[in-house]
Amino acid sequence: MNISTNNLTLGYGDFIVLKDINVTIPKNKVTILVGSNGCGKSTLLKTMARLLKPMSGNVVLGDMDIFQKPSKEIAKELAILTQSPDAPSDLTVFNLVKQGRYPYQSWFNQWSKEDENIVEYALEKTGLSSIRNKKLSELSGGQKQRVWIAMTLAQQTEIILLDEPTNHLDIKYKIEVLDLLKHLNQHEKRTIVIVLHDINLACRYADHIIAIKDGKVYAEGDPKEIVTEKLINDVFDINAKIIECPLFKTPMCITYQNLSV
Amino acid sequence: MFNIKTPKLILESNKSKLLLLIGLLFLLIAFFFASLLLGYIKTDFYDLVNTYTNYTDSIENIVIKNSRMPRALIALFIGASLSVSGLLMQTLTKNPMASPGLLGVNSGAAFFMVFAYSFMPNLTHNYLMISSFVGAALAVLFVYALAGGIKGTIQTFDLTLAGAAISAIFLSFTQMVLYKDQKTMEEILFWLTGSVEGRSMDSLVKLIPIMLIGWIICFLLAKRLNLFSLGEEIAKGLGLNTELLKLQIILLVVVLAGASVAVAGPIALVGLIIPHFTRFLVGAEFKWAIPYSIVLGAIFLLSADVASRFIIYPKEIPVGAVTAILGTPFFIYIARKAENK
């Protein structure tokens, strides 16, 4: 299933955040949206997930405008994890992950053995099987984020969108979460779109980067090809020296304001 | 429902939740009978049986049939309905201090009641009730419109603000009428504090089916409410029509809390405390939270009503005053417990 945008203009009230955006998310790849604070990358992600309505233009999922499709049908093809969601703290891991099966249920289709198996799979993938009965309030930040990712996995969608999934996490958990997403992409051919702050992690994990600046797509493509000193300077308004990461052979940016302070 | 791979804990805790619920149902029945039998006029179980098998015009029979039975039923149904509407409101606004009054239900009902009572003194009791229900519904409509409901997207934060504003306006209107008309004030004070006393059986007959339907709809929405409590964006992402659900919640609160206020006045704290106690006992899952808040709300108001007959015996005080007295320490306890968790 392909997802792309068509002359998408987004904003709040009279304020335009993004204008005439045309992007196509490459299938079965990890795409990362980067840009400075308030550039509209989260807005773009939420609109692609039909959480926000565009001012004009459209989002096309498969061969249909996303706003023409029943929302529950979309939830079987595309999952979104918004930024730091907040669930009742006495909910158990199992009961939260289980909610990911909602799109598949109806009056006639109650909870089934298949739903049960898929929740089991999601718990196993995210390494949560052993703590399934713990309450959310008993979990660390990294575990909590994995529970939410497990919930989107239970949705069994080809496309997963995530808004700052590593926000507020310790570096260990940041890597853990991104490794998990990369694993899902490589072993299960999921199309993954992430909004991420950290340009170095973006370069390491992305097959495709979309850099946003001044309400437009500044550049998009393979990080090895597009991430240059000029791009960092234009998009993030900071100087940078780019070297090759000794471990992953991806671009690594050393950012600075002045060489002598 | 769960296979062997799922550890037993969940099944067991479901079982214990069910057992406790059955226990509470028995407690509810006990308080219902207490409400029928206890009071200024001494009656016993024999009088109760007699009333419904071999009715005579004895004072005991009259009191049970015309006063205590409607009163017990009202306390049961209104306690339950207020508590469920409180649960819905707290879910809708994600605000633990929310209660049905936040939507303007109480202040709207109070103004229409006072206005009708003062300017149309010949209205029968039934019409007064209807007018105060209309007031409750109208206040909610204003709040809904102010919070963006007409444009199709309600912001829950705006809902809280609009509710406070509309409540303040209706409250000041009410005070103006009462200030102008001292006689009304004296007569309506009992209603304004919240009371389940002196209501007739035939107003109840219309009320009970409406409330039962409201409760059933709550049950049908349980799964969606679970989803909604994960946050609006997550719920939307899972395919839930959150705008429709918000409207359904508001309508349910209008019906359940609006009808309660119309009959018994703004009874304090039931809709605030019982949902907290419910979550404290059974957690956030609505398939348990809904029945528990129904049963606990009914028990709370029934017991408060029985207590209201004895606190300054032989006189009675309005049940709304008792719920406040009983509820406040209890509420502080629950709030502190939750904080420490």
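Two residues count as being in contact here if their C-beta atoms, placed from the backbone, lie within 7 Å. Keep in mind that everything below comes from a predicted model.

**View 1. Helix α3 of chain B meets helix α11 of chain B.** Start with α3(B), residues 59-93, and α11(B), residues 242-264: their axes come within 9 Å and cross at roughly 145 degrees. The crossing is left-handed. On the α3(B) side, look for B:Ile74, B:Ile78, B:Ser81, B:Leu82, B:Val84, B:Ser85, B:Leu88, B:Met89 and B:Leu92. Facing them from α11(B) are B:Lys246, B:Ile249, B:Leu252, B:Val253, B:Leu256, B:Ala257, B:Ala259, B:Ser260, B:Val263 and B:Ala264. Sort this contact by class and you get 15 nonpolar residues, three polar ones and just one charged.

**View 2. Helix α4 of chain B packs on α11(B) too.** Here α4(B) covers residues 105-119, and its axis sits 10 Å from that of α11(B), at an angle of about 45 degrees. Because of that angle, α4(B) counts as oblique to α11(B). This time the crossing is right-handed. From α4(B) come B:Val105, B:Asn106 and B:Ala109, while α11(B) brings B:Val253, B:Ala257, B:Gly258, B:Val261 and B:Ala262. The tally for this contact is six nonpolar and two polar residues, with no charged ones. You may recognise B:Val253 and B:Ala257, which also turn up in the α3(B) contact.

**View 3. Two domains of chain A touch each other.** The domain assignment splits off domain 1, made of 1-77 + 157-231, and domain 2, which runs over 89-156. Taken over C-alpha atoms, their centres are 24 Å apart. Where they touch, domain 1 puts in 13 residues and domain 2 puts in ten. Helix α6 of chain A (residues 171-188) supplies the largest share of the domain 1 side, with four residues. That side of domain 1 divides into seven nonpolar, two polar and four charged residues.

**View 4. Chain B comes up against chain A.** Now step out to the place where the chains meet: 22 residues of chain B and 25 residues of chain A take part. On the chain B side, the elements giving two or more residues are α1 (8-37), α9 (222-228) and α10 (232-237). Which of chain B's elements gives the largest share of this side? That's α10(B), with four residues. By class, the chain B side holds nine nonpolar, eight polar and five charged residues.

Terms used
Residues numbered from 1 in each chain as written. Chains lettered and ligands numbered in written order. Predicted model: local features only at pLDDT ≥ 70, side-chain atom pairs only at ≥ 80, totals over all residues. Axes fitted to C-alpha atoms, helices over the stretch in contact; angles between N-to-C directions. Left-handed = near helix turned anticlockwise from the far one by under 90°. Nonpolar A, V, L, I, M, F, W, Y, C, P; charged D, E, K, R; others polar. Parallel < 35°, antiparallel > 145°, perpendicular 65-115°, else oblique. Domains from an automatic or database assignment.
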